[in-house]
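Me: I should like a close look at a single part of this predicted model. Please treat one strand together with the strands beside it, and then place that part in the chain as a whole.

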Amino acid sequence: MKNLTYLLAAVIIFSCNKNDNNNPPAVTMQSLAGDYKITAATVNGIDVLDTYVEPCQKDDVYTLNADGTYSVADAGTTCSPTSATTGTWSLSGSQVTIGVQQFTLVSFNGSTIEATTSVTQSGITVTADVIFTKQ
């Protein structure tokens, strides 16, 4: 569950203000700062949002701050135990690290991001593609 929280939190950092797709915004900590929600998750092209993301996590708000801190607010339906968390995140090129989880930026258009990361659950490691939308 903690890996999924890191996965979701990290991916959101790639979104920023809406911009022209032909001229995507620069990826900086300042441009990525904001509030996000997860809108899609796939593994090998198969939708896993409903399979691996708890209903109480789908409405969580992920906040990335330009100062390198982040928080996950357990908004709407509350998880038990709570999925709320705080920590630090960093950006180096197309690599984003949130807590201990690393992500690679796939695409960034200013309002949605797609990133990939390796997730291990029950001893099985897969590459997950996650999309977050800025709120």
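**Strand S4 and its surroundings**

Reply: Read along the sequence, the pattern of the protein chain is α-α-β-β-α-β-β-β-β-β-β-β. In total, the secondary structure comprises three helices and nine strands. The model is a predicted one, and the mean pLDDT of the protein chain is 82, with 84% of its residues at 70 or more. Over residues 8-20, however, the pLDDT is below 50, although this stretch has 69 contacts in the model beyond near neighbours in sequence.

The part chosen for the close look is strand S4, residues 69-73. In a regular strand, side chains alternate between the two faces of the sheet. Strand S4 shows this alternation: Tyr70 and Val72 point to one face and are buried, whereas Thr69, Ser71 and Ala73 point to the other face and are not buried.

Strand S4 has a partner on the side of S3, which spans residues 61-64. S3 and S4 run antiparallel and are joined by four bridges. The two strands form a hairpin with four residues between them, and Gly68 in the turn has a positive phi of about 90°. Within this pairing, Thr63 stands opposite Ser71 of S4.

Thr63 itself merits attention. Thr63 belongs to strand S3, and it counts as buried because its relative accessibility is 18%, under the 20% cut-off. Its side chain makes a polar contact of 2.7 Å with the side chain of Asp35. Asp35 falls within strand S1, residues 34-43.

S4 also pairs with S5, in the antiparallel sense and over four bridges. Here Ser71 stands opposite Thr86 of S5. Ser71 therefore has a partner in each pairing: Thr63 in S3 and Thr86 in S5, where a pairing requires at least two bridges between the strands.

The connection from S4 to S5, the latter spanning residues 85-92, is a loop that contains Pro81. Most peptide bonds are trans. The bond joining Ser80 and Pro81 is cis, with omega at about 0°.

Further along the chain, antiparallel pairing recurs. Strand S6, residues 95-98, is joined to strand S7, residues 101-108, by four bridges, and the two run antiparallel. Val96 stands opposite Phe103 of S7. The hairpin of S6 and S7 has two residues between the strands, and Gly99 takes a positive phi near 60° there.

S7 is in turn joined to S8 by four bridges, again in an antiparallel arrangement. Thr104 has Thr116 of S8 as its bridge partner. Three residues lie between the strands in the hairpin of S7 and S8, in which Gly110 takes a positive phi near 105°.

Two residues other than glycine also have positive phi values. Most residues other than glycine have a negative phi. Asn44 has a positive phi of about 50° and sits in the loop between strand S1 (34-43) and strand S2 (46-47). With a relative accessibility of 72%, Asn44 counts as exposed, because the cut-off for that class is over 50%. Ser122 has a positive phi near 55° and occupies the loop between strand S8 (112-121) and strand S9 (124-134). Ser122 likewise counts as exposed, because its relative accessibility is 77%.

A few features complete the picture outside the strands described. Pro25 lies in the loop between helix H1 (2-12) and helix H2 (29-32), and it counts as buried because its relative accessible area is 15%. The C-alpha atoms of Pro25 and Asn109 are separated by 6.9 Å, although these residues are 84 apart along the chain. The salt-bridge count comes to one: the side chains of Asp50 and Lys58 meet at 2.2 Å, N to O. Asp50 is exposed, with a relative accessible area of 57%, while Lys58 is partly exposed at 27%.

For the chain as a whole, 41% of the 135 residues count as buried. Among contacts between residues at least 6 apart in sequence, 56% join residues at least 24 apart. The protein chain exposes about 6,800 Å², of which carbon and sulfur atoms supply 50%.

How values were computed:
Residues are numbered from 1 along each chain as its sequence is written. This is a predicted model: local features need pLDDT of at least 70, side-chain atom pairs count only at pLDDT 80 or more; totals for chains, interfaces and linings use all residues. Side-chain values use heavy atoms; hydrogens and water are left out. Buried means under 20% relative accessible area, exposed over 50%, partly exposed in between (1.4 Å probe, protein chains only). Contact means heavy atoms within 4.5 Å. Accessible areas come from the Shrake-Rupley method with a 1.4 Å probe; for residues, only the protein chains shown count as cover. A polar contact is a pair of N or O atoms within 3.5 Å; within protein, one must be able to donate a hydrogen and the other to accept it, and residues adjacent in sequence count only if both atoms are side-chain atoms. pLDDT is the predictor's confidence in each residue, from 0 to 100. A salt bridge is a side-chain nitrogen of Lys or Arg within 4 Å of a carboxyl oxygen of Asp or Glu.
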